[in-house]
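Here is my note on the model you sent. The points are numbered so that each can be checked against the coordinates.

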2 protein chains.
Amino acid sequence: MADRIYLDWNATAPLSAPARGAMLAALDMVGNASSVHGEGRAARRLVEVAREQVAALVGAEARNVVFTSGGTEANALALTPAIEYGAVKAPLDRLLVSAIEHPSVQSGGRFARAAAEEIPVTPDGIVDLSALGARLAELKAAGERALVSIMHANNETGVLQPVAAAAELVHAAGCLLHVDAIQTVGRIRCDINELGADLLTVSGHKLGGPQGTGALVRASEALHFPDPLIKGGGQERGSRAGTENVAAITGLGAAAAARSASVQADGAAMAAVRDRLETGLKAISEETVIFGSAAERLPNTSLFAVPGCRAETALIALDLEGFAVSSGSACSSGKVTASHVLRAMRVPDRLASGAIRVSLGPDTTEAQIEAFLKAWKTLVSRLSKREKRGLAA
Amino acid sequence: MADRIYLDWNATAPLSAPARGAMLAALDMVGNASSVHGEGRAARRLVEVAREQVAALVGAEARNVVFTSGGTEANALALTPAIEYGAVKAPLDRLLVSAIEHPSVQSGGRFARAAAEEIPVTPDGIVDLSALGARLAELKAAGERALVSIMHANNETGVLQPVAAAAELVHAAGCLLHVDAIQTVGRIRCDINELGADLLTVSGHKLGGPQGTGALVRASEALHFPDPLIKGGGQERGSRAGTENVAAITGLGAAAAARSASVQADGAAMAAVRDRLETGLKAISEETVIFGSAAERLPNTSLFAVPGCRAETALIALDLEGFAVSSGSACSSGKVTASHVLRAMRVPDRLASGAIRVSLGPDTTEAQIEAFLKAWKTLVSRLSKREKRGLAA
């Protein structure tokens, strides 16, 4: 697939060169990181170096990084009523998640269904802080404590969420904040303390690391999970049992170190390419709607639709032309379904069904975007004609 | 560590050449296996080929293989009261596990602590079938249904468990059987239907695949997990959310295919090397105790002790001499603690504290074993002298 153009970095990013190199070296070693012999200790060292690298990328302490098998597992570990905070051992009463969270957060983790609630978002795709504040005040008055989960940036629109402001509300109500930062870590500055997050989710394969690894990061050692999701051996200081995936963790660490060095420059470059894309889209059709464009967004994500162009048709046509893009919809089952994100933003289903997501990486070039725009122009003209015929029929 | 001799295959095995090759190819591709574009479909194909390969190794159907992040997660997924079996939707009442299970099974998964019970083992390290049968009869009389979890071979002693006989008892009582086959898959013949297991756990890194991958295999599609451990996207037919770790799954598949071809020949070869080891151990000290040697065992595992030689001291000394072996003890926290397996076999703590596990792989040579025996002889003579001095003091 050498001549293809990959524009679906929010689904998964190519393995970066530093991560690849680190993984290959680790794969050629043998050792269980819990073994006491030399091979085991060498594996342990790789894991602990990676822990430092991931911690540094998000401004945390290494001892507060728990490696998991990915972002979804990290979210699942985080979303439990059984989070102890220093001397506070009582289980949390409620879970509040924004209406645009990823399915792994919307599932509610280990909270009872009846204990989970949604916080709405504005039509711009931003969590509604006044609704959050009002609900937290009610809970405080009722003597209830909640875990609140708000993503740093939405995976479909790229819209950044007012996490730091939410954190103030959450903490004032005596509650805890979990931030799914899967789409931001390594793309924009993402510091657990600046965000005010108590827990932060990191995914390896969105930032140039391998699939199958991620982390849940705590702001403080005072936060404790007495009932881990995966129980057994004492790995990860008792927070996550199972033989450590040394090669993947090493790859994640190397990717994190590489992103630490270049996140700012790459962000600016991606934003320029993304802006070129959006200018081009508007030039091709004045009717183009770019979702969430009134809000602050990730530098690499553009979710758009042209009325009358169905995403399913467009994705297949673009794929045939050599472009990998996605719909704005959840597609973990391989099926295109209505986007809960656009519904939460009150986008009419008819328009939402045309949403195409283009997501870039640091390697994406302007030439690739020009090629995409050329193909898109042809496609829109073809689909528009078909739509007009359809309307006339 | 080129001049070292690795004899700790039960902790983790070196990545096999077929697995390494498959992984490298997969790592150089980009694609989320749930994406609909060409890159995504190519990733999906790799996952489904691996699913066939793993299914073939254990005599199951591909659609009944659920990939996880490893054996521990597979055990955690399996051990839940919420297993539906065809029309039977009622939750299971109890969990019965043998006294020698791995900590990930002994933890009880999602069963309440009060619902979990242990089934004893004989001094030979074999699960006590009469105790199991008696308890199942009681449960049946009380109208209770249980999930029973018995490992195929113990990780410390290598003792094979009478799984097929247990399965008859379990099924006669209307209960379900989970078999942790982490130490047997790829080492000896392991067919889910011959064993009579309803659920079977596979780990990637014990059979030449990478760390961070494994599978839970069902005997029948009638078994359903309505409440997956890791919730979110619809991956693995709703049984396990999270972006598939394509490279690791591909590596596991390639390792499984390689083991399918050579399991029998390698088993015989390993048994010969293991027997040479044990003859040598007995020749070095007549007092050597080989745990579980009266029982049928895995061809690759030997757990032994010489009275008066402490394992901790021996492991460190052997490590310095270039040999990676382990104690019989759980060491997932990096600490040597008393072995629950030897305790369950009623081995006195003083003898158990000297247990050394040597576990071989298909690559282990007789020359490596001779070198080990030479080092062991010197060590035993030194430690015995020290012990005598200690006794005299």
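1. I start with a side chain at the surface of this predicted model. Arg310(B) has a relative accessibility of 46% and therefore counts as partly exposed. Its salt-bridge partner is Glu312(B), with 3.2 Å between the closest N and O atoms. Glu312(B) is likewise classed as partly exposed, because its relative accessibility is 39%.

2. Helix α9 of chain B spans 311–320. Its buried residues are Ala311(B), Ala314(B), Leu315(B), Ala317(B), Leu318(B) and Asp319(B). As general background, an α-helix has 3.6 residues a turn, so residues three or four places apart point the same way. After α9(B) comes Gly322(B), with a positive phi near 100 degrees.

3. A second salt bridge within chain B joins Lys89(B) to Glu84(B), at 3.5 Å from N to O. Glu84(B) is buried, since its relative accessible area is 15% and the cut-off for buried is under 20%.

4. Thr184(B) sits in the loop that runs between β7 (176–180) and α7 (192–195) of chain B. Its relative accessible area is 0%, so Thr184(B) is buried. Apart from neighbours within four places in sequence, the residues in contact with Thr184(B) are His152(B), Ala153(B), Leu160(B), Cys190(B) and Leu298(B).

5. Turning to the two chains together, how is chain B laid on chain A? A turn of 180 degrees with a shift of 0.0 Å along the axis does it, at an RMSD of 0.0 Å. This is the relation of a two-fold axis. Within chain B, Ser69(B) has the C-alpha nearest that axis, at 3.0 Å.

6. The contact between the chains draws 57 residues from chain A and 57 residues from chain B. Of the interface residues of chain B, 100% are interface residues in chain A as well, so the copies meet through the same surface. The buried area between the chains is about 4600 Å², and carbon and sulfur atoms give 59% of that area.

7. Polar terms across the interface deserve their own entry. There are 21 residue pairs in polar contact between chain B and chain A, counting pairs with both residues at pLDDT 80 or more. The elements of chain B that each supply at least two residues to the side touching chain A are α1 (17–27), α2 (38–58), α3 (71–78), α4 (103–106) and α9 (311–320). By class, that side of chain B has 22 nonpolar, 24 polar and 11 charged residues.

8. How many salt bridges cross the interface of chain B and chain A? The rule finds six. One of them pairs Asp28(A) with Arg20(B), the closest N and O atoms being 2.6 Å apart.

9. Glu39(B) and Arg4(A) also form a salt bridge, with closest N and O atoms 2.7 Å apart. The pair joins two chains, because Glu39(B) lies in helix α2 of chain B and Arg4(A) in the segment before β1 (5–6) of chain A. Both Glu39(B) and Arg4(A) are buried.

10. Over all chains, the salt-bridge count comes to 54. In chain A, a network of salt bridges links Arg44(A), Glu48(A), Arg51(A), Glu236(A) and Glu244(A).

Key:
Residues are numbered from 1 along each chain as its sequence is written. Chains are lettered from A and ligands numbered from 1 in the order in which they are written. This is a predicted model: local features need pLDDT of at least 70, side-chain atom pairs count only at pLDDT 80 or more; totals for chains, interfaces and linings use all residues. Side-chain values use heavy atoms; hydrogens and water are left out. Contact means heavy atoms within 4.5 Å. Buried area is the accessible area (1.4 Å probe) that two parts lose on being put together, summed over both. A salt bridge is a side-chain nitrogen of Lys or Arg within 4 Å of a carboxyl oxygen of Asp or Glu. A polar contact is a pair of N or O atoms within 3.5 Å; within protein, one must be able to donate a hydrogen and the other to accept it, and residues adjacent in sequence count only if both atoms are side-chain atoms. Helices (H or I, at least four residues) and strands (E, at least two) are DSSP runs, numbered from the N terminus. Ala, Val, Leu, Ile, Met, Phe, Trp, Tyr, Cys and Pro count as nonpolar, Asp, Glu, Lys and Arg as charged, and the others, Gly among them, as polar. Copies are superposed by least squares on the C-alpha atoms of residues with pLDDT of at least 70 in both. Buried means under 20% relative accessible area, exposed over 50%, partly exposed in between (1.4 Å probe, protein chains only).
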